[in-house]
Each structure stands twice: as structure tokens, then as C-alpha cells.
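Here is a brisk report on one protein chain. Have the sequence and the coordinates open while you read.

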Amino acid sequence: MTATPTTFSLGGDLTVNRLGYGALHLTGPGFWGPPKDPDQAVRVLRRAVELGVNFIDTADSYGPDYSEQIIRKALHPYPENLVIATKGGMLRSGPRDWVREEGRAEYIVALGRPEYLRQQVELSLHKLGLERIDLYQLHRIDPVVPLADQLGELVRLQEEGKIRHIGLSGQPEVTVEQLTEARSYADIVAVENLYNIADRTGEAALTYAEEQDIAFIPWFPLGHGDLVAPSGALTEAAKNVGATPAQVGLAWLLHHSPNTLLIPGTTSIHHLEENAKAVDLILDADQWAEIEERCSQETPYRPTVHTPA
């Protein structure tokens, strides 16, 4: 089989390796507060860059703030080719917001008021130690604020030189209709949606991204861990191909579309190094078809969007 492309041209002017790093987990329990071992978080980030990672995805709500601060502590002054993507426009109320609990919907609340987005961009610039953010994504489209107003403010910040490129993030996904509308207000170069081998609800958005040369950034690439659990579909599939379950899931995403830009997160250097080898896993069409069929029988977890009264 032909090797999968390993790089993507983000926005047409930033060449990044398609296997990046997601910095959500560089925070405390419930993605709240500082990590238990800040020095380990620093070591993981530095090792990621050593392994060739030059795309790091974070958000102001991770911590909140701590993820961005740790990135600066670990990597500033930044390597010339390092692209840091951050996000703004989603609220946090405490460490249980995004915790997976039976019978409880996650607190996933957007705030897209222009003045708030401007504040968050300024704060992210400060926390990351940047003069310009290479990729700034609206973390969730606010349903009570016109999208033209939300993206309009980001475009103004772009014109001021504080944002290089603009993207959208979905909770759980940005639809093709939303992408089409968004592109009438701003040049959208990336979309970040829930997507993995077993949950391909966002396939239409991925196809659209390919047609428009937009980066497609899958979150929950391993089904929030369900697919690589002891009884997970990828765990079973990996036994037949001489790879780890995570390597199979990541390699499938790289193989499935040249526009996918991956951001697996981990606090383990060992897992980080294992994930990096996913780019080397090449299987034939029959093997991928068998793995896809196995994974199609599993329904991994996806959060429920709930806005408190």
C-alpha cells in the first residue's frame, strides 16, 4: 500500500505534521486546575516536539488556563515551525463539567459574545506568550449570538494581526450547513469535530473539508478510550496486525482522509512514543475493511450537549 501523507498545509501557508498533540489532559482532575505533576507535563510536551510534533491543540477552557500556561512554560521560546492552536467561546463552572457520569449531561455552554471572544483572544496571547495565534477556533457556536457577530469579531482580530487563521470546533460537531454559513463570514481553515473509526456521524463534514481543503481535526479519536479498552474493538483488531490499539485507531484516521490532523492526548511519555509510530502502520484494503467492520459494531461514548436553565 502507498504510504499515507504525513503533512498537511494548514491555511495554505503552515505545513504541519498530521500527527499532533492535544493538550487537554495537561490539567488536573476533571480538566480543572493544575496537573498533579507539572514537571511531567513539561517533559511530555518537550518529548512530543522531539518526536516531530509541530501542531499542538489547546483551549482557554482547559484548566481553565493551565494548559496554555504549561505549554508556554515547556516550550517558550517556541521552535520556529511550531503551530499552537487554541480555542475560546466555551464556559466552565467546575471540575465536574465534562466528567462522564451515568445519568448526567455534561455542562457544555457556549459564550460567543464578541466582547468576550476579544477578551479571551487577548488572554490567550498573554498566557501563551504570543503576538499572534496561528489557529484560533471558536470552541462552540453560540446558538443565541448571530454567527456573523461571533466570526466577525475574530475576523477583526485577524485584521489586527492577533490571529493568523480561524477555525471552528463542534460540540459534538460542526455541520456542513454551519460550515457553509461560516465561510460566508470568514476564511475557515480547520474544523474540529468528534470523529473516530466507530463514530463517523461527521462523515459529511469530513467530505466537505476535503473538497474545500480544510483541515479536519478529530477529537475523541479513540472513542474517549472505549475503543482501546480491554474489550474494545480496536484492542481486538490490534491483535492481528502487530500494533497497539491506539496505533490502529490513529493510523486509520490518517489513512481514511488526507485532511485529518490528529491531536491524541496523553500524560505518558511511553504512550506518546507509541502514538508517534502510528504514522508507520500501513495495512492493505482488506485489513482496513475488516477493522472497520469490527468497529462498526461498537457505539463509543459521545457527550450530550446540555445548557443549564
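## Basis

Helices and strands here are DSSP runs, numbered from the N terminus; a helix needs at least four residues and a strand at least two. The model is predicted.

## Overall build

The protein has ten helices and 13 strands. Its radius of gyration is 18 Å, close to the 19 Å that the globule rule gives for 309 residues, so the protein is as compact as a globular protein of that length. The C-alpha trace spans about 55 × 45 × 40 Å along its principal axes.

Of the 309 residues, 54% count as buried. Take the contacts with a separation of 6 or more: residues 24 or more positions apart account for 74% of them. The accessible surface comes to about 13100 Å², and 50% of that belongs to carbon and sulfur atoms. The protein carries 26 positive and 43 negative charges. The mean positions of the two sets are 6 Å apart.

## The N-terminal hairpin

Strand β1 covers residues 7-10. Phe8 and Leu10 make up its covered face. Thr7 and Ser9 make up the uncovered one. The partner strand is β2, residues 14-17, and the two pair in the antiparallel sense over four bridges. Within that pairing, Ser9 is bridged to Thr15 of β2.

Three residues lie between the strands of this hairpin. Gly11 takes a positive phi there, near 70°.

## The seven-stranded sheet

In what order do the seven strands of the open sheet run? The order is β3-β4-β5-β9-β10-β11-β12, and the pairing is parallel. The edge strands are β3 (21-22) and β12 (215-219), each of which pairs on one side only. Further in, β10 and β11 pair in the parallel sense over four bridges. One residue pair fixes the register for the eye: Ser169 has Glu192 of β11 as its bridge partner.

Gly167 sits in β10, which covers residues 163-169. Is Gly167 buried or exposed? Its relative accessible area is 0%, so Gly167 is buried. Beyond its neighbours up to four places away in sequence, Gly167 touches Leu135, Tyr136, Gln137, Leu138, Ile188 and Ala190. Ala41 is another matter: its C-alpha atom is 26 Å from that of Gly167, with the two positions 126 residues apart along the chain.

## Two buried sites outside the strands

Ser124 lies in helix α3, residues 114-128. Its relative accessible area is 0%, and Ser124 is therefore buried. Leaving out residues up to four places away in sequence, Ser124 touches Asp60, Glu68, Thr86, Ile133 and Tyr136.

Ala198 is placed in the loop between β11 (188-194) and α6 (203-212). Buried means under 20% relative accessible area. Ala198 has 17%, so it counts as buried. Its contacts, apart from neighbours within four places in sequence, are Leu227, Cys295, Glu298 and Pro300. Which distance separates Ala198 and Glu298 in space? The C-alpha atoms are 6.3 Å apart, although the residues are 100 apart in sequence.

## Cis peptide bonds

A cis peptide bond joins Gly63 and Pro64, with omega about -15°. Pro64 is in the loop between β4 (55-57) and α2 (66-75).

Another cis peptide bond joins His76 and Pro77, with omega about 0°. Pro77 is found in the loop between α2 and β5. Strand β5 covers residues 83-88.

## Positive phi outside glycine

Asp213 has a phi near 60°, a positive value in a residue other than glycine. Asp213 lies in the loop between α6 and β12.

His224 also has a positive phi, about 60°, although it is not a glycine. The place of His224 is in the loop between β12 and α7 (233-238). With a relative accessible area of 34%, His224 is partly exposed.

Note on methods: Residues are numbered from 1 along each chain as its sequence is written. This is a predicted model: local features need pLDDT of at least 70, side-chain atom pairs count only at pLDDT 80 or more; totals for chains, interfaces and linings use all residues. Side-chain values use heavy atoms; hydrogens and water are left out. Buried means under 20% relative accessible area, exposed over 50%, partly exposed in between (1.4 Å probe, protein chains only). Contact means heavy atoms within 4.5 Å. The radius of gyration is taken over C-alpha atoms; the globule rule is 2.2 Å times the number of residues to the power 0.38. Accessible areas come from the Shrake-Rupley method with a 1.4 Å probe; for residues, only the protein chains shown count as cover. Lys and Arg count as positive and Asp and Glu as negative; His and the chain ends are not counted. The place of a charge is taken as NZ of Lys, CZ of Arg, CG of Asp or CD of Glu. Two strands pair if DSSP finds at least two bridges between them.
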